[in-house]
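These are my notebook entries on one protein chain. I looked up its overall layout, then its helix contacts, its aromatic pairs and a few loop residues.

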Amino acid sequence: MAARIASAARVRDQGEPVQPGELAQYIHEHIPLSKAMGVSVVAVEDDAITLQAPLEPNLNHRQTVFGGSASALAILASWALLHVRLQSAGIADRLVIQRNNMEYESPILGQFTARSMLEHPESWKPFMDMLARRGKARITVLAVLEHLGRVAGRFSGQFVALGKP
């Protein structure tokens with residue numbers, strides 16, 4: 001068990017890419033809700049993360065996706081984007097969400113995805129500079145929920161990265 005935790009907490013070599021299966025395993029081990037939701041990693045890109053979840057474990061009383069599950073997938077995709085970017089920069093991260101806004105545009109009747117991206121990509125360098133200088137930095141991440149290729153919701157969240165404890 002200790003070896004698994006040490007391995008998962010290992011800081012990546014700078015520029016070492018994170019593979020979808022590796023990210024999925026990390027998320028499932030460290031955020032148990034993701035496993036219960038059936039979350040899978042569709043894509044890990046430099047500027048975006050796409051996660052997917054099935055309808056069945058995320059149902060509400062109307063046989064559509066529960067709003068909490070939709071929001072959780074958007075938060076998780078956004079958190080994962082920052083986690084991967086910090087790990088790729090060789091930084092062991094501690095990330096928390098400070099605030100968020102979720103807008104639901106249509107019911108989700110089946111499998112759905114959340115694709116995250118930085119609200120302002122040019123804010124990454126100042127974010128990293130602030131984290132290095134002050135040990136704490138904030139950044140806003142967006143996510144789009146889709147079902148059958150159509151936008152079903154939009155998320156915006158402000159995350160805080162904290163330096164070493």
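Among contacts in the protein chain between residues at least 6 apart in sequence, what percentage join residues at least 24 apart? I found that 67% of these contacts do so. I note at the outset that the model is predicted.

**Entry 1. Overall layout**

I looked up the helices and strands and found five helices and six strands in the protein chain. Along the sequence, their order is α-α-α-β-β-α-β-β-α-β-β. I then looked up burial: of the 165 residues in the protein chain, 42% are buried.

**Entry 2. Helix H2 against helix H4**

Two packed helices are described by the angle between their axes and the distance between the axes. I therefore looked up both values for H2 and H4: the axes come within 12 Å and cross at roughly 115°. The crossing of these two helices is right-handed.

Which residues make this contact? From H2, I listed Leu 23, Tyr 26 and Ile 27. From H4, I listed Leu 76, Trp 79, Ala 80, His 83 and Val 84. Sorted by character, the residues of the contact of H2 with H4 are seven nonpolar, one polar and no charged.

**Entry 3. Helix H4 against helix H5**

I next looked up H4, residues 67-88, and H5, residues 124-134. Their axes come within 13 Å and cross at roughly 65°. H4 and H5 are therefore roughly perpendicular to each other. I recorded the crossing of H4 and H5 as right-handed.

On the H4 side, the contact involves Leu 82, Arg 85 and Leu 86. On the H5 side, these residues meet Trp 124, Phe 127, Met 128 and Leu 131. The residues of the contact of H4 with H5 comprise six nonpolar, no polar and one charged.

**Entry 4. Aromatic pairs**

A pair of aromatic rings is described by the distance of the centres and the angle of the planes. How many aromatic pairs are there? I counted two aromatic pairs.

One is formed by Tyr 26 and Trp 79, with 6.4 Å centre to centre and 10° between the planes, and it is stacked. Tyr 26 lies in H2, residues 20-30, and Trp 79 lies in H4, so the pair ties together parts that are 53 residues apart in sequence. Both Tyr 26 and Trp 79 are buried. I had already listed Tyr 26 and Trp 79 in the contact of H2 with H4.

The pair of Trp 124 and Phe 127 is tilted, because the ring centres are 5.0 Å apart and the planes stand at 35°. Trp 124 and Phe 127 are three residues apart in H5, so about one helical turn separates them. I found Trp 124 buried, and Phe 127 is buried as well. Both also appear in my list for the contact of H4 with H5.

**Entry 5. Val 39**

I turned to the loop between helix H3, residues 32-37, and strand S1, residues 40-44, where Val 39 is found. Is Val 39 buried or exposed? Its relative accessibility is 4%, so Val 39 counts as buried.

I then looked up its contacts, leaving aside neighbours within four places in sequence. Val 39 is in contact with His 28, Ser 34, Leu 51, Gln 52, Ala 53, Leu 73 and Leu 76. Val 39 and Leu 51 are twelve residues apart in sequence, and their C-alpha atoms are 6.6 Å apart in space. Leu 76 also belongs to the contact of H2 with H4.

**Entry 6. The loop between S2 and H4**

Where is Thr 64 found? I located Thr 64 in the loop between strand S2, residues 49-53, and H4. Thr 64 counts as buried because its relative accessibility is 11%. Not counting residues up to four places away in sequence, Thr 64 touches Leu 55, Asn 58, Leu 59, Pro 107, Ile 108 and Leu 109.

Gln 63 lies in the loop between S2 and H4 as well. I noted that its phi is near 65°, a positive value in a residue other than glycine.

**Entry 7. Leu 148**

I last looked up Leu 148, which lies in the loop between strand S5, residues 136-147, and strand S6, residues 150-162. Leu 148 has a positive phi of about 55°, although it is not a glycine. With a relative accessible area of 74%, Leu 148 is exposed.

How values were computed:
Residues are numbered from 1 along each chain as its sequence is written. This is a predicted model: local features need pLDDT of at least 70, side-chain atom pairs count only at pLDDT 80 or more; totals for chains, interfaces and linings use all residues. Side-chain values use heavy atoms; hydrogens and water are left out. Axes are lines fitted to C-alpha atoms, for helices over the stretch in contact, and angles run from 0 to 180 degrees between N-to-C directions. Helices (H or I, at least four residues) and strands (E, at least two) are DSSP runs, numbered from the N terminus. Angles under 35 degrees count as roughly parallel, over 145 as roughly antiparallel, 65 to 115 as roughly perpendicular and the rest as oblique. A crossing is left-handed if the near helix is turned anticlockwise from the far one by less than a right angle, and right-handed if clockwise. Contact means heavy atoms within 4.5 Å. Ala, Val, Leu, Ile, Met, Phe, Trp, Tyr, Cys and Pro count as nonpolar, Asp, Glu, Lys and Arg as charged, and the others, Gly among them, as polar. Rings of Phe, Tyr and Trp (its six-membered ring) pair if their centres lie within 6.5 Å; planes under 30 degrees apart count as stacked, over 60 as edge-to-face and the rest as tilted. Buried means under 20% relative accessible area, exposed over 50%, partly exposed in between (1.4 Å probe, protein chains only).
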